[in-house]
Amino acid sequence: MKKKYLFTLFICAISFFVLIGCSSKSKSASSGGEGDGKEQVTLDYWASWNPGSVEEEKTLAKIKKFEEEHPNIKINVELLTFDMMHDKLIASISAGNPPDISWGLSEWFGELNRMGALLDLTPYYNEWSDKGKLNQNVMDSLTVDGKVKALPQYLGIRALLYHEDMLKEAGYDAPPETWDELLEMGPKIKEATGKEAFGITGTTVRSSQELLMYLAQSDVSIAQKMDDGNFKNTWADNPEEMKRATETFQFYKDLLNEGAIPEDSKTWGWQELDTNFAIGKYAMNVDGSWMKDREAENPDEMADVKIAPPPYNTKPATFLEVSPLYVYGATEHPKEAWEFASYILSEEWQSDIRPTNSPRTDVVSDSQWGEGFTSLTDTGVVFPEVPLGGITQAMQDSIARLLLKGEDPQDVAEWLSKAINEDLKKNGILSE
C-alpha cells in the first residue's frame with residue numbers, strides 16, 4: 001500500500017513538473033511587456049558548450065551584450081550534451097514544442113529537414129548584409145532546393161597533422177601528398193622510430209566521417225540526389241564507381257597489412273585517435289583544429305606538430321564538418337530568432353569566440369590552427385541531406401567487416417552500397 005502511495009505521488013510530481021515545463025514554454029513565447037513599446041520575447045536556445053570553459057564565459061558575455069542592445073529579447077540558455085539534445089529535439093519537435101534556436105550536428109540536418117522542423121531562412125538571409133562573407137560551399141551544404149534551412153556557426157575541417165620530427169628521423173622533409181606515398185612511408189617510419197606512420201578510427205561517428213572523406217578522395221559519394229528528388233547509392237549501377245569504392249576499402253586494408261597503422265586502431269574511437277597522436281604514439285593522422293587544445297595539454301609532445309592537406313587517391317578532398325545553427329519553424333518569433341542567429345554569425349561574435357574555425361571568410365586566424373584548416377574549405381565534402389542514422393552505422397559496420405572480419409574489399413563495397421539503399425528505402429527517399 002505504501003509503495004502504491006509513493007508511486008502515485010511520484011506520478012503526480014512528474015505531471016506537475018511537465019505542466020510547469022509546458023507552462024514555462026508557453027509563457028516564454030507569449031509574454032508581453034511595455035519596455036520600448038516592442039513585444040517582450042524570450043527565445044529558448046539549446047547549446048552544447050562545456051560548462052566552466054572559456055567558450056562559455058565569452059558566449060555568456062556576448063549574449064548579455066545582445067540582450068542589452070535588444071531590450072525586448074531575452075535568451076533562455078539550456079545546456080545539453082549532443083546525445084541528449086538530439087533525443088530531446090526529436091521529442092519536442094514531435095510534440096510541436098521545439099526551442100526557437102539550437103546547436104546541432106551536421107548529421108541531423110537531413111533528418112530535421114525531412115521532418116519539416118526547420119524554418120526557411122531564405123528571406124532573412126537574402127536581406128542580410130553579411131551574406132557574402134560566408135564560404136559558399138558551406139552555405140550550399142545547408143541549402144535544400146534553393147532554400148536556406150540552417151546557418152553555419154563553426155567549422156570542423158579536417159587536415160593532416162604530422163609529427164615533423166618523426167618524419168625527419170625517417171628521412172622525409174615533407175608529409176605524403178598521396179595514398180601511395182603514405183603507404184610507402186609506413187615501413188620506413190616504423191623502422192626509424194619504432195612507431196606506426198598513421199592513425200585511423202574504426203568506431204564512433206568519426207570513422208564514418210573519415211570513410212566519407214576517403215571515398216571522396218577516390219571521387220565517389222555515398223548517395224547522389226537523382227532527377228526525381230530522391231537519393232541513391234549508384235555504385236552497383238556503375239562499375240567504375242564500384243571500382244573506386246573498392247579502391248578505398250583496399251586502402252584501409254593496405255594500411256593494416258603493411259603495418260602503417262597500429263593493429264589496435266581497428267577499434268579506436270575518436271578519443272583514442274586524438275590522445276595517442278597527442279602523446280606521439282604514431283606519426284600522422286587526419287584530425288581537426290580542436291587538437292590545439294591537446295597541444296596546450298601536451299606542449300612537449302606536440303611541439304613538432306605541423307599541418308598539411310590530407311593525402312588523397314585521385315582527387316584532393318577532406319571532411320567538412322559544418323556545425324549548424326538550427327532555427328525552428330515552430331518559433332513564434334522568427335524575426336527575433338533571426339536577429340540572434342545573425343548576431344552569432346557576426347564578425348564581432350566570430351572573431352571573439354571562433355577565431356580559428358569560423359565559417360566567415362573575413363575571420364581567419366593566421367596560425368596553423370586557423371589558416372592551416374580553413375584554407376582547405378574548398379575541398380571539403382559533407383554528408384548528403386538524408387537521414388543518416390542507419391547509413392553512418394552501416395559505414396562503421398563496413399569498416400568492421402573489412403578490418404575485423406577480414407572480408408574482401410569489393411565484397412564490403414557491394415555490401416555497403418546495398419545497405420545504404422536499403423536505409424534510403426526505409427526512409428522513403430530511395431530513387432527507383
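In which strand does S323 lie? In this predicted model, S323 is placed in strand β13, a strand that spans residues 318–327. With a relative accessible area of 6%, S323 falls under the 20% limit and is therefore classed as buried. When its neighbours within four places in sequence are set aside, the residues in contact with S323 are G104, L151, P152, Q153 and Y154.

The loop that joins β12 (305–308) to β13 contains Y312, and the accessibility of this residue contrasts with the burial of S323 in that Y312, at 25% relative accessibility, counts as partly exposed. Beyond the neighbours within four places in sequence, Y312 makes contact with E177, T178, W179 and Q217. A further pairing is given by E181, whose C-alpha lies 9.5 Å from that of Y312, although 131 residues separate the two in sequence.

A helical element, α16, comprises the 15 residues 389–403 and extends 22 Å between its first and last C-alpha atoms, a value close to the 21 Å expected at 1.5 Å a residue. The buried positions of α16 are I391, T392, A394, M395, Q396, S398, I399, L402 and L403. In general, an α-helix has 3.6 residues a turn, so residues three or four places apart point the same way. The buried residues of α16 pack against three helices, namely α9 (204–217), α10 (239–257) and α17 (409–426); Q217, listed above as a contact of Y312, is the residue at which α9 ends.

At the level of the whole chain, the secondary structure amounts to 17 helices and 14 strands. The radius of gyration is 24 Å, close to the 22 Å given by the globule rule for 432 residues, so the chain is as compact as a globular protein of that length. Taken along the principal axes, the C-alpha atoms occupy a box of roughly 75 × 60 × 45 Å. Of the 432 residues, 53% are buried, and among contacts between residues at least 6 apart in sequence, 75% join residues that are at least 24 apart.

The surface exposed by the chain comes to about 19,700 Å², of which carbon and sulfur atoms supply 51%. As for charge, the chain carries 42 positive and 72 negative side chains, and the centres of these two sets are 6 Å apart.

Methods. Residues are numbered from 1 along each chain as its sequence is written. This is a predicted model: local features need pLDDT of at least 70, side-chain atom pairs count only at pLDDT 80 or more; totals for chains, interfaces and linings use all residues. Side-chain values use heavy atoms; hydrogens and water are left out. Helices (H or I, at least four residues) and strands (E, at least two) are DSSP runs, numbered from the N terminus. The expected span of a helix is 1.5 Å times one less than its number of residues. Buried means under 20% relative accessible area, exposed over 50%, partly exposed in between (1.4 Å probe, protein chains only). Contact means heavy atoms within 4.5 Å. The radius of gyration is taken over C-alpha atoms; the globule rule is 2.2 Å times the number of residues to the power 0.38. Accessible areas come from the Shrake-Rupley method with a 1.4 Å probe; for residues, only the protein chains shown count as cover. Lys and Arg count as positive and Asp and Glu as negative; His and the chain ends are not counted. The place of a charge is taken as NZ of Lys, CZ of Arg, CG of Asp or CD of Glu.
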